[in-house]
Amino acid sequence: MAIKPKITFSTNPNARNKALIDGSVQLDGYDFEYIGDKYTPGEMHYRFVQGEFDVAEMSTATLMRAREKGKRFLALPVFFQRGPRQRNIFVRDGSLKHPSDLKGKQIGCFRYGATAVSWARGYLLDEHGIKTTDVGWFVSGQEVYIANELPVQVERLEPPPPFGQEKPHLSRLVSEGKLAAALVAGDSGYPALFGGGVLPGVMGQFPGVRPLFDDADEIIHYVKRTQIYPIIHIVTIKEETAEKYPDLAAKLIEAFDEANRLAVRYLSPAQAEGYAKERDVLGYDPYACVLTESAKKSIQALNRYQIEQGLVKKELSLESLFVKQAFTT
């Protein structure tokens with residue numbers, strides 16, 4: 001029997017990849033070795049950029065920056081985390097009369113280049129006219145990868161805490177009024193669309209800290225009006241691995257698509273109901289392994305935001321970011 005090529009894969013477990021992790025779905029012709037969930041998302045993304053793993057869940061914003069600088073990674077149309085980022089903009093209760101009051105203030109974030117932070121800044125730009133250069137920036141954590149000189153001065157916490165421990169520091173500074181707001185990662189998918197998530201428990205370690213935007217009807221209206229449903233993490237493959245095994249990308253898309261269809265096995269009844277409601281409200285499955293028009297528009301919006309934020313220099317075509325099989329499935 002011929003030995004199957006080994007493909008290493010790193011991700012944090014979720015209902016949409018569990019069937020691949022536990023072997024219910026096989027990667028035809030390959031030994032798909034799962035690298036366990038011992039890393040936080042930030043550390044996993046950092047390690048992948050350094051060259052570990054053949055296939056990995058990756059920050060979508062980091063992928064764009066890496067591609068622009070010639071790093072050889074390509075995306076698969078596989079999305080585990082999507083959702084609006086309004087609920088991840090935190091302020092001290094009563095500190096603002098209007099979001100535009102943030103202009104001229106200092107805003108904190110756990111990483112300047114984090115995908116969730118880029119999305120939140122983009123929302124503030126499009127909907128409230130707040131440019132990245134209109135505010136000061138404080139960063140509490142370690143960056144994964146920033147390739148360009150930034151257009152703003154960034155104050156940083158030194159030394160940064162370990163990956164995954166950046167948020168409480170931001171919560172304290174917002175609570176004390178030393179930061180006007182904080183942009184963090186957290187609830188996505190149906191919890192962030194409809195509310196009822198768990199992130200305020202993390203940011204609520206200090207009194208008076210709350211989401212700046214928390215009206216579910218307004219959030220749903222924004223998503224339906226703009227057709228932007230932020231993509232946070234995306235599955236990415238080393239370009240050299242895709243070249244070495246020409247049939248691999250299509251087989252990966254097929255396997256992840258099957259795992260997505262089996263996700264209901266790993267969801268609680270309440271979770272299954274929430275995701276069904278999310279799909280019905282949007283009018284499509286935001287986690288299907290296809291480049292929908294919403295996915296394309298969302299990727300292009302994130303590209304535009306990163307240009308405004310000084311993280312990338314130019315528009316990147318979808319064809320330069322994704323494996324060619326993404327356009328044939």
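Which residue in strand 9 is the bridge partner of isoleucine 89? I would like to start from that small question, and I should say at once that what we are looking at is a predicted model. The partner of isoleucine 89 in strand 9 is leucine 183, and this pair belongs to a longer piece of pairing, in which strand 5, residues 89–92, and strand 9, residues 181–183, run antiparallel and are joined over 2 bridges.

As a reminder for those of you who are new to this, strands of a sheet pair through backbone hydrogen bonds, either parallel or antiparallel.

Let me widen the view to the sheet that holds this pair. It is an open sheet made of 6 strands, in the order 8-7-6-9-5-10, and its pairing is mixed. Strand 8, at 154–156, and strand 10, at 209–211, are the edge strands, and each of them pairs on one side only. If you leave direction aside, neighbouring strands of this sheet are turned against each other by 30° on average. In that order strand 5 sits between strand 9 and strand 10, and with strand 10 it runs antiparallel, the two being joined by 3 bridges. Within strand 10, the residue that stands opposite phenylalanine 90 is proline 211.

Now, what packs on this sheet? Helix 5, residues 167–175, does so, touching strand 5, strand 6, strand 7, strand 9 and strand 10, and its direction makes about 35° with that of strand 5. The buried residues of this helix are Leu170, Ser171, Leu173, Val174 and Ser175. What covers those buried residues includes strand 5, strand 6, strand 7, strand 9 and strand 10, and also helix 7, at 199–203. After helix 5 comes glycine 177, whose phi is positive, near 80°.

One residue on this side of the talk deserves a short stop, namely aspartate 134, which is found in the loop between helix 4, at 115–128, and strand 7. Is aspartate 134 buried, exposed or partly exposed? Its relative accessibility is 26%, and buried would require a value under 20% while exposed would require one over 50%, so aspartate 134 counts as partly exposed. Setting aside its neighbours within four places in sequence, aspartate 134 is in contact with Lys103, Gly104 and Gly129. Aspartate 134 and valine 152 lie 18 residues apart in sequence, and their C-alpha atoms are 9.2 Å apart in space.

Let me turn to another sheet. This one is open as well, with 5 strands in the order 2-1-3-11-4 and with mixed pairing. Strand 2, at 31–35, and strand 4, at 73–82, stand at the edges with a single partner strand each, so one side of each is left without a neighbour in the sheet. From one strand to the next, the twist averages 30°. Strand 1, residues 6–10, and strand 3, residues 55–59, run parallel and are joined by 2 bridges, and phenylalanine 9 stands opposite valine 55 in strand 3.

Two helices can be placed against this sheet. Helix 2, residues 41–49, lies across strand 1, strand 3, strand 4 and strand 11, running at about 120° to strand 3. Helix 12 packs on the sheet as well, where it touches strand 4 and strand 11, and its direction makes about 105° with that of strand 4.

Helix 12, residues 293–308, also meets helix 3, residues 60–68: their axes come within 10 Å and cross at roughly 65°. That angle makes helix 3 roughly perpendicular to helix 12, and the crossing is right-handed. On the helix 3 side the contact is made by Thr60, Ala61, Met64 and Arg65, and on the helix 12 side by Ile299, Leu302, Asn303 and Gln306. Sorted by class, that contact has 4 nonpolar, 3 polar and 1 charged residues.

It may help to recall that an α-helix has 3.6 residues a turn, so residues three or four places apart point the same way.

How many of the 9 residues of helix 3 are buried? The count is 8, and the helix is mostly covered; among the buried residues are Thr60, Ala61, Met64 and Arg65, which are also the helix 3 residues in the contact with helix 12. Just after helix 3, glycine 70 takes a positive phi of about 85°.

Conventions: Residues are numbered from 1 along each chain as its sequence is written. This is a predicted model: local features need pLDDT of at least 70, side-chain atom pairs count only at pLDDT 80 or more; totals for chains, interfaces and linings use all residues. Side-chain values use heavy atoms; hydrogens and water are left out. Two strands pair if DSSP finds at least two bridges between them. Helices (H or I, at least four residues) and strands (E, at least two) are DSSP runs, numbered from the N terminus. Axes are lines fitted to C-alpha atoms, for helices over the stretch in contact, and angles run from 0 to 180 degrees between N-to-C directions. Contact means heavy atoms within 4.5 Å. Angles under 35 degrees count as roughly parallel, over 145 as roughly antiparallel, 65 to 115 as roughly perpendicular and the rest as oblique. A crossing is left-handed if the near helix is turned anticlockwise from the far one by less than a right angle, and right-handed if clockwise. Ala, Val, Leu, Ile, Met, Phe, Trp, Tyr, Cys and Pro count as nonpolar, Asp, Glu, Lys and Arg as charged, and the others, Gly among them, as polar. Buried means under 20% relative accessible area, exposed over 50%, partly exposed in between (1.4 Å probe, protein chains only).
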